[in-house]
Amino acid sequence: MTIVACSTPPGISGIAVVRVSGKNSIEKVSSFIKDSPFNKKTPLSKICFLVDKDGVAFDEAVVTSYIGPNSYTGEDLVEISCHGNPKIISKIIDLAVDVGSRLAEPGEFTKTAFLNGKLDLSEAESVSSIIHSMSIVGVKAGVKNLKGGLSEKIKLIKSNLISLVANLEFNLDISEEDLQPDLLESSEKTIKNVICWLEKCIITFNETKMFHSGASVVILGPPNAGKSTLFNCLVDKNQSIVTNVEGTTRDVVEKNIDINGLPVILKDTAGIRKSEDLVEKVGIEKSFNEARDADLILVLNDPDKTFNDGKHIHIFNKSDIEKPDGNYDILISAKTGNNVEKLKKVIYKSLVQGKAHDTLLTSKRQCLAVESSLKHIKEAYSLLVGENSLELLVEDINRSIHFLDEITSKTTKDDILDAVFSSFCVGK
Amino acid sequence: MKRQDKKFDLVVVGGGHAGIEAALIAHKRGVKTLLISMDKNSVGRTSCNPAVGGLAKGQMVKEVDVLGGMMGAFADLSTLQSKTLNKSKGRSVWSPRSQIDKNLYEKIAQSYIKKVGLEVLEAEVVSLYIKNNSILGVFLRDKTKISCSSVVLTCGTFLNGLIHIGKEQIKAGRYGEKRSEGITENLNSLGLVSGRLKTGTPPRIKRSTVNWKKGEAGYGDKKPSPLSYRTERFSPKNEPCYSFRTNKKTHELILQNLSSSAMYSGKNMATGPRYCPSIEDKVYKFDQNPSHVLQLEPEWTMSEQIYVNGFSTSLEEKIQLKSLRTVKGLEKVEFIRPGYAIEYDFFYPSQLKNTLESKAISGLFMAGQINGTSGYEEASSQGVIAGINSSCFILNEEPLVLKRNDAYIGVLIDDLILKDTDEPYRMFTSRAEYRLQLRSSNADQRLLEKSKKYRLLDNKTLKGLSKKIENTKKIVKHLENNNVKPQIINTRLEELNERPINEPTRISNILKRPKVSISDFKIDVVQLENSLTTHMKEEIFFEAETIIKYSGYINRQKEEIDKIKVYEEMIIPEQFDYNNIKSLSNESREKFINIKPQTIGQAQRINGIRPSDISILLVYLKRPFHVKQKK
Ligand SMILES: Nc1nc2c(ncn2[C@@H]2O[C@H](COP(=O)(O)OP(=O)(O)O)[C@@H](O)[C@H]2O)c(=O)[nH]1
Ligand SMILES: [Mg+2]
């Protein structure tokens with residue numbers, strides 16, 4: 001079956017790319033190319049006229065053919081880079097369907113590539129991560145994994161675990177004498193290292209998660225401090241209601257914005273004050289909840305709150321009409337926009353500073369696998385310390401390896417025996 | 001009666017450990033069976049080391065025993081020393097092993113065969129009589145035809161066997177025994193693919209030429225346990241083995257003379273095993289080891305012939321002797337015969353179904369070294385299965401297939417048919433992912449039902465084992481359902497340096513702590529049946545304790561087994577054409593075509609097959625891309 005889809009985002013653009021993949025894709029596309037130079041044997045890239053059924057050209061496009069398995073999907077594949085006019089795009093798709101193609105389902109090109117062994121699971125995920133990533137950092141991590149960066153790192157951790165298991169198996173399975181004297185000590189060391197690595201993987205994933213899915217930034221402060229004004233100022237559109245009446249903002253209002261390339265989910269909250277109004281109380285409650293889960297909190301005009309944990313920025317607003325009443329990190333005027341550009345820089349720095357830019361894990365699934373792996377290796381550690389028998393230890397380490405296998409390729413019993421045979425003299 | 005007139009249902013070719021198990025079990029199941037051996041006197045011979053059992057192998061012997069095999073029983077009757085290995089480690093890897101009297105072993109085997117009335121013929125089979133891919137009989141060297149509808153081939157190292165000692169080559173099946181010719185060529189002509197493997201055996205030395213005082217004596221267990229469930233009284237001899245050590249000089253001599261060795265892997269010869277390497281391989285590959293252990297084992301009671309375990313070699317005889325004499329205590333040693341390597345034909349076991357029947361020729365079964373394995377226990381395991389399944393073939397019963405979580409035997413056969421080995425296959429406990437469940441102590445619990453179904457055991461043994469299993473369950477239930485009070489157990493817990501309890505607590509919960517054992521609780525309140533022997537009672541308590549201690553892990557494994565069960569039950573049609581799947585890599589396609597997995601589960605376990613290959617297969621088999629779990 002031949003599948004067809006437009007691979008660039010919908011709407012008017014300079015260039016759009018329509019992909020056709022499948023056994024007869026080249027033949028099919030050739031049917032609407034004037035004097036088609038394409039064949040099933042040699043890959044080719046050429047500027048061609050696309051022609052309607054009546055032979056009239058409707059666009060000039062760069063057409064590139066790939067011969068399977070040397071293509072993205074592993075099948076014969078044609079890419080048509082046409083002008084980005086939706087009418088042209090739909091015409092091409094219609095023509096492809098007319099000659100017996102089918103509209104591709106979302107992600108089907110990547111799935112086909114996976115099915116054809118062009119990508120492993122972690123690579124397939126990287127593709128989706130590149131497509132869905134909200135920022136350039138996320139794209140970079142995705143690209144790195146597409147090249148196998150993740151697989152390499154996980155393979156390294158795995159090879160440590162495999163040689164550990166080999167060591168233990170040798171003692172369980174082959175050495176009929178007592179245990180190697182330093183076995184437990186060296187195992188403990190390896191396990192500790194692996195725990196450390198895996199924890200780091202998870203931490204960096206969580207830290208860099210915001211590069212994919214955005215950092216959450218919450219504005220907090222007493223009523224009338226100008227929270228909503230600041231929100232609007234950062235968002236650059238009037239989203240929140242700005243009034244002189246205290247307690248106007250009761251629900252949390254949020255908006256995705258971009259701060260120096262970093263995706264941010266900005267949240268405006270109810271003012272925080274003692275209130276009898278039930279609805280307002282609920283709003284205040286919500287503010288606190290948001291603040292707890294936030295990556296960063298902007299505290300407005302609150303001289304009493306002076307957290308110094310890097311999670312809070314103390315801002316004095318209305319600097320155009322008032323003098324600060326305490327210590328603040330920055331003075332701004334949300335109304336005039338004074339110093340707001342500087343505030344953006346401070347926000348960016350606080351979010352990014354000291355945090356990993358470099359992550360290996362790019363999907364929740366991968367992170368879950370690493371977490372499960374970590375759980376088992378930790379269990380192994382406590383078994384080791386708790387003087388349990390070796391074969392249970394091996395059981396947990398094997399489980400740990402198993403979860404890493406979910407990210408990369410499978411470890412087999414032979415991998416372990418190979419490790420045994422290459423490092424020990426298996427005498428009897 | 002003329003030989004030509006003889007008609008059998010089953011002919012077993014070869015009288016080694018695979019052959020006698022296959023023939024005996026088929027005979028027991030009422031199939032008219034003939035065992036053909038090239039030398040009647042060598043039936044049941046243990047041609048290499050004088051021991052049965054050991055790591056992973058002890059477990060297999062017990063499994064064979066529950067399936068009606070004889071290896072454990074024969075060994076128990078000829079034990080020189082019995083010892084459970086790995087006692088310092090976890091109980092799932094405890095493995096019974098017996099040094100045996102080789103002469104006695106084969107005598108016992110031969111007289112048992114006579115006693116049960118299994119017919120044995122001394123002859124050489126040279127080809128099979130096959131029509132339309134079915135067995136009609138076998139032909140002997142003297143052109144006699146023996147009719148039968150099923151054959152079990154267990155030819156050991158005899159098929160085109162070639163012995164190497166240094167540069168010398170001798171055509172033989174074993175030292176001093178004629179090799180067998182014809183079968184390989186015959187099967188090749190029918191399309192079965194064979195290869196070559198090699199294995200080695202160490203020199204046999206004269207007891208009187210060893211200075212025994214220089215060795216370290218090793219004895220068996222004070223309370224030895226038998227290999228067979230059928231052995232009632234077991235008080236074997238306790239003859240010692242002695243360990244000696246090689247040294248720098250030994251190693252130097254060997255290294256200088258490597259070129260004279262046929263076993264040395266550098267040479268272009270059939271593949272040998274990595275796990276039981278020749279002394280030349282050990283010295284060459286593991287040059288960081290300053291010394292290797294040599295175990296001197298008697299071959300029979302107070303025998304003059306001594307087996308030098310750890311010194312498998314095919315160096316020139318002169319060099320073998322010279323280097324062995326560098327070992328302290330062996331300065332004046334003399335040979336009864338030198339060590340040697342032997343090369344022989346085997347058939348790639350991926351050509352077999354998981355019943356050990358040939359995929360191509362119905363009624364043809366193979367077992368033992370002919371399938372590329374090594375070891376008596378591996379041979380005997382396959383022998384029993386081939387014997388049972390050939391009798392099922394004849395009796396038109398459903399064949400017996402053991403799963404990987406049923407038995408080491410299941411692991412063995414599954415591995416054999418799915419990965420074409422290029423070295424002789426030996427069992428290790430680490431090959432079994434469900435090792436915790438495959439203990440030597442629970443072979444009966446795992447396999448008794450099968451044994452009943454296929455009528456493999458005598459009534460008495462069956463009853464005894466059923467009773468044992470019932471009583472074990474009873475105790476486990478007691479441990480899981482009853483509490484122990486703090487005042488009863490806390491003193492003991494404190495003695496063990498364990499956290500005391502504050503309130504009555506499930507016995508099983510406390511028993512799971514590593515240092516606590518079942519004897520710390522008063523459970524004599526549980527009424528065990530009186531007729532049980534003391535030995536059985538001990539085994540019951542031990543097993544109950546093990547079941548509790550491992551329960552967390554085993555339950556997890558059971559969940560896993562349930563999860564993958566769907567795949568084990570997904571049949572790939574025999575005619576499935578992998579050439580239709582263009583999207584498979586050539587490598588994977590070739591593997592699928594060669595191995596022809598019977599189920600998706602098997603396909604997954606083929607080496608080098610990637611998850612995406614399986615996804616593709618599922619798509620083509622019109623199965624959901626991701627299989628959802630039932631329930
Ligand atoms: N002069 C001045 N007025 C401001 C500034 N920021 C907010 N205001 C005013 O303060 C009042 C309350 O603002 P609002 O954003 O609703 O406060 P919120 O209750 O914290 O959301 C409005 O009348 C704003 O116009 C500022 O920087 N300068
Ligand atoms: Mg507001």
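**Exercise 1. Place B:Glu124 on the buried-to-exposed scale, then find its salt-bridge partner.**

Start with accessibility: B:Glu124 comes out at 8% relative accessibility, so it counts as buried (buried is under 20% relative accessible area, exposed over 50%, partly exposed in between, with a 1.4 Å probe and protein chains only). Next, look for the partner: B:Glu124 makes a salt bridge with B:Arg141, with 3.0 Å between the closest N and O atoms (the rule wants a side-chain nitrogen of Lys or Arg within 4 Å of a carboxyl oxygen of Asp or Glu). B:Glu124 sits in the loop between β6 (119-122) and β7 (125-131) of chain B, and B:Arg141 in the loop between β8 (134-140) and β9 (145-147), 17 residues apart. Finally, B:Arg141 is partly exposed at 46% relative accessibility.

A quick word on the setup: this is a predicted model, where local features need pLDDT of at least 70 and side-chain atom pairs count only at pLDDT 80 or more, while totals for chains, interfaces and linings use all residues. Residues are numbered from 1 along each chain as its sequence is written, chains are lettered from A and ligands numbered from 1 in the order in which they are written, and side-chain values use heavy atoms, with hydrogens and water left out.

**Exercise 2. Work out which helices the salt bridge between B:Lys57 and B:Glu378 ties together.**

First the geometry: the closest N and O atoms of B:Lys57 and B:Glu378 are 3.3 Å apart. Now the elements: B:Lys57 belongs to helix α2 (residues 57-66) of chain B and B:Glu378 to helix α9 (residues 376-395), so the bridge ties together parts 321 residues apart in sequence (helices are DSSP runs of H or I with at least four residues, strands are E runs of at least two, numbered from the N terminus). Then check burial: B:Lys57 is buried with a relative accessible area of 11%, and B:Glu378 is buried at 0%.

**Exercise 3. Trace the salt-bridge network that includes B:Arg605 and B:Glu568.**

Begin with the pair itself: the side chains of B:Arg605 and B:Glu568 meet at 2.7 Å, N to O. B:Arg605 is in helix α17 (residues 600-605) of chain B and B:Glu568 in helix α15 (residues 534-568), so this bridge joins parts 37 residues apart in sequence. B:Arg605 is partly exposed at 24%, and so is B:Glu568 at 26%. Now widen the view: the network also links B:Arg404, B:Asp414, B:Asp415, B:Lys419 and B:Glu433. Over all chains, the whole structure has 54 salt bridges.

**Exercise 4. Describe how chain A meets chain B.**

Count residues first: 41 of chain A are in contact with 47 of chain B (contact means heavy atoms within 4.5 Å). Then take the area: the two chains bury about 3,700 Å² between them, 53% of it on carbon and sulfur atoms (that is accessible area, 1.4 Å probe, lost on putting the parts together, summed over both). Next come the charges: the rule finds four salt bridges across the interface. B:Arg435 and A:Glu169 meet in a salt bridge at 2.7 Å, N to O. On the side of chain A that touches chain B, the elements giving two or more residues are α3 (108-115), α6 (149-174), α11 (364-385), α12 (390-405) and α13 (413-423) of chain A. Of these, α13(A) gives the most, with seven residues.
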